[in-house]
Amino acid sequence: MAETCLIHALYIHFRDSVSKRDTQTHAFKLEMLNRLKKKLQQAALDQPALPSSGTSPYNGTDGGRSGNGGRDGDPANGKRLPKKFQYARPPFLQLLTHDELKASADHNVRPIIVPRDISLLPWTTGYAECVNSGKSKWNEDQAAFHRQVLTHPSKRYHDLPYTYFGIFDGHAGYGAALAASIQFHYVLHEKLVDAIELLVPRVDCETNPALPDAMLLHPSLFHKHVSKDELIVGALESAFADMDAVLAEDRNKYRNAGGCTALVALFILGKLYVANAGDSRGVLCKRVRRRKYPRIATPEETQEHKENGAPGEEHPTQDDDEYEVLAEPCSFDHTPDTERPRLLTVGIQNPALLGGEYVAMEYAKKPTTKDLGARILYRQGAMHGWTYKTLTAADLKIPLITGSGKRSRLLGTIGVTRGFGDHDLKALGSNLPIKPFLSPHPDVVCFDLAKVQPTAGAKDACGYDGDYGLLVMATDGLWDVSSSQQVANTVFGTLQRFPQERHRYTMVAQELVARSRGRANESGHWRLSDSRTAATVDDISVIVIPVYQYYREYCKWTQTVANARTNKQQEPNAAPMTTVVPAAEEITTTRVSDELANSVDTTAEPAEEEAVEAENNLNTINLAPVAAALTTASSLAKSSAPLGLADALPTK
């Protein structure tokens with residue numbers, strides 16, 4: 001209210017000063033003041049308000065990555081649209097009261113928030129977050145996880161558990177990120193259910209003779225080979241597109257949600273799938289034993305060994321207990337700079353989107369009016385090389401993409417080119433729509449955990465976490481000031497300091513956030529602790545997932561399914577019944593969680609044996625009825641060449 005009164009007083013002052021002058025000379029100034037008044041009044045209406053009973057939460061705006069993308073009113077009747085979801089932090093943080101939300105958004109302190117109860121997250125996964133330094137009222141990042149089970153309606157397929165993690169970085173408000181964190185897993189689950197008959201381990205036809213009439217064709221009848229990996233990747237890709245469509249449909253029903261990036265990790269069938277759209281990043285941090293190379297003996301040493309009759313000895317260049325830390329990328333940033341070829345191609349193929357104000361070209365040197373008529377190096381569309389052209393006046397328009405790296409902008413407005421939302425986003429100063437250039441399509445990377453060859457010993461402080469890796473998922477607030485290798489070094493440096501701590505993954509996430517946030521100096525500017533370099537001023541959210549803990553759980557699941565299958569085959573005259581497989585939540589009991597909290601487990605089976613056992617179990621599940629009857633568990637154990645996960649696919 002105070003801001004509105006101040007704006008009105010300023011308007012009256014400038015209106016009176018203008019009216020005393022020549023009206024015809026300064027008429028355009030009065031028109032500009034009227035426009036300014038409308039803009040400022042609209043800004044006053046969008047002032048932040050704390051979420052409490054009877055008030056709507058603040059719809060923040062982002063001054064860095066997007067522009068005037070808000071539409072809060074209904075164009076039909078001029079009414080203000082309601083919020084679809086009330087502002088909240090991730091449920092596992094348990095910030096439920098007004099005071100807790102307010103304290104978590106303190107821009108002066110920027111507290112690091114971690115879960116109160118780590119048992120709410122699977123595998124004691126670590127999480128930490130920190131609000132921005134003042135660019136928006138609330139933390140616009142969101143995170144989510146869900147543990148689900150795929151169950152076939154006919155009850156003739158084994159239940160298949162999976163775990164999903166998601167992290168969403170909002171801009172122009174928190175609405176899109178909040179909606180994605182709440183709704184995306186429903187969309188993904190629906191897509192996985194569509195392919196359930198080709199994903200879940202099948203119960204034999206002879207064990208359950210009454211097959212449904214309408215059944216999906218066997219893969220051998222397809223014209224193209226379709227693998228399980230392709231089915232899961234397709235489910236992720238279509239889920240991203242559908243989530244973006246949901247936000248598009250909601251914009252006429254609810255207040256504008258802005259936009260957000262999306263980074264998703266899916267653990268299913270012993271594999272890790274990472275899907276990314278935007279500039280959030282996933283990195284698989286590993287710590288593996290260095291390769292030992294024999295030292296080549298000098299000619300003098302070789303001659304001496306021959307004369308003395310002593311064989312030459314191989315001396316490794318590195319000690320056996322030395323390791324190297326690796327940062328394996330799981331995603332790739334989508335910015336105007338990295339997606340320049342795609343964006344320029346869209347501009348060339350759709351010149352109407354440029355509005356006659358932009359040019360879909362890139363120049364080796366910024367052209368000026370002095371260069372008219374001269375030959376200049378340029379490229380356009382999907383060109384990777386450069387060529388010459390004669391510069392004309394039409395080439396002096398604003399480039400479609402300006403800047404480079406993290407400072408690159410599309411149409412001078414937005415710095416991220418993939419994600420959800422932004423359906424009403426317009427280019428600054430031109431009112432051109434930006435959504436036709438944006439895309440929700442993700443890049444998907446797959447890791448087969450059965451192919452990992454563990455090298456860690458029982459005395460290794462990091463256990464098998466080093467071999468299988470820790471997946472770090474974080475918004476760009478972390479990556480703006482930290483490289484992937486620096487993050488990996490911090491991860492294992494923290495784990496080595498606290499090898500037996502149950503909360504060690506949370507401590508890793510907290511350490512990563514603390515280093516990126518830095519400390520505030522006397523002037524109130526945030527600086528990195530170890531230098532005078534500016535720290536990030538953006539929201540920071542970090543998830544640290546121990547991949548090996550999932551793989552152990554997966555091996556237990558395959559053993560449960562194999563045992564159930566064996567029991568059913570030993571009862572040929574028994575009535576058909578559904579094999580009950582424990583749900584994901586039931587697999588991880590309190591006792592198992594305590595065991596999994598310590599990577600160093602001398603009583604656990606070696607990871608190599610677990611991998612072979614999981615493969616054999618899958619093979620047992622998917623064998624044909626006759627072959628399964630002839631093949632026993634002992635013969636599988638003695639097999640010199642066990643079948644791989646690819647053989648677990650339905651028989652062609």
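Student: How many helices and strands does the protein have?
Tutor: This is a predicted model, and 47% of the 652 residues in its protein count as buried. Counting its secondary-structure elements gives 18 helices and 21 strands.

Student: Which element of the protein has the highest mean pLDDT?
Tutor: Taken over the whole protein, the mean pLDDT is 76, with 66% of the residues reaching 70 or more. Among the elements, the lowest mean, 35, belongs to helix α17 (residues 625–630), while the highest, 97, belongs to strand β6 (residues 271–277). The element asked for is therefore strand β6.

Student: Over residues 619–652, how many contacts beyond four places in sequence does the model have?
Tutor: Throughout residues 619–652 the pLDDT stays under 50, as happens also over residues 574–606, where the model has 55 contacts beyond four places in sequence. Where pLDDT is low, the predicted coordinates should not be read in detail. With that caution, the number for residues 619–652 is 52.

Student: On which residue is the kink in α4 centred?
Tutor: Helix α4 runs over residues 175–194, and its 20 residues reach 29 Å from the first C-alpha to the last, close to the 28 Å expected at 1.5 Å a residue. Even with a span close to the expected one, α4 has a kink of about 45 degrees, and the residue at its centre is Q183.

Student: Which element gives the largest share of the largest nonpolar core?
Tutor: The largest nonpolar core has 83 residues, of which F184, F267, F420 and L471 touch the most other members. Its largest share amounts to nine residues, and these come from a helix in which 14 of the 20 residues are buried. In soluble globular proteins, nonpolar side chains tend to be buried together. The element that gives those nine residues is α4.

Student: With which residues is L471 in contact, leaving aside its neighbours within four places in sequence?
Tutor: L471 is one of the residues that touch the most other members of the largest core. Leaving aside neighbours within four places in sequence, its contacts are A265, F267, L272, V274, V283, L284, C330, I543, V544, I545 and V547.

Student: Which residue of β11 stands opposite Y363?
Tutor: An open sheet of three strands, with antiparallel pairing, has the order β10-β11-β12, and its edge strands are β10 (362–363) and β12 (387–390), each of which pairs on one side only. Between β10 and strand β11 (residues 375–379), the antiparallel pairing extends over two bridges. Opposite Y363 in β11 stands Y378.

Key:
Residues numbered from 1 in each chain as written. Predicted model: local features only at pLDDT ≥ 70, side-chain atom pairs only at ≥ 80, totals over all residues. Heavy atoms only, no water. Helix = DSSP H or I, 4+ residues; strand = E, 2+ residues; numbered from the N terminus. Expected span 1.5 Å × (residues − 1). Bend = angle between axes of the 7 residues up to and from the residue. Buried < 20%, exposed > 50% of the residue type's maximum accessible area, 1.4 Å probe, protein only. Core = buried A, V, L, I, M, F, W, Y, C linked by side-chain atoms within 4.5 Å. Contact = heavy atoms within 4.5 Å. Pairing = 2+ DSSP bridges. pLDDT = per-residue confidence, 0-100.
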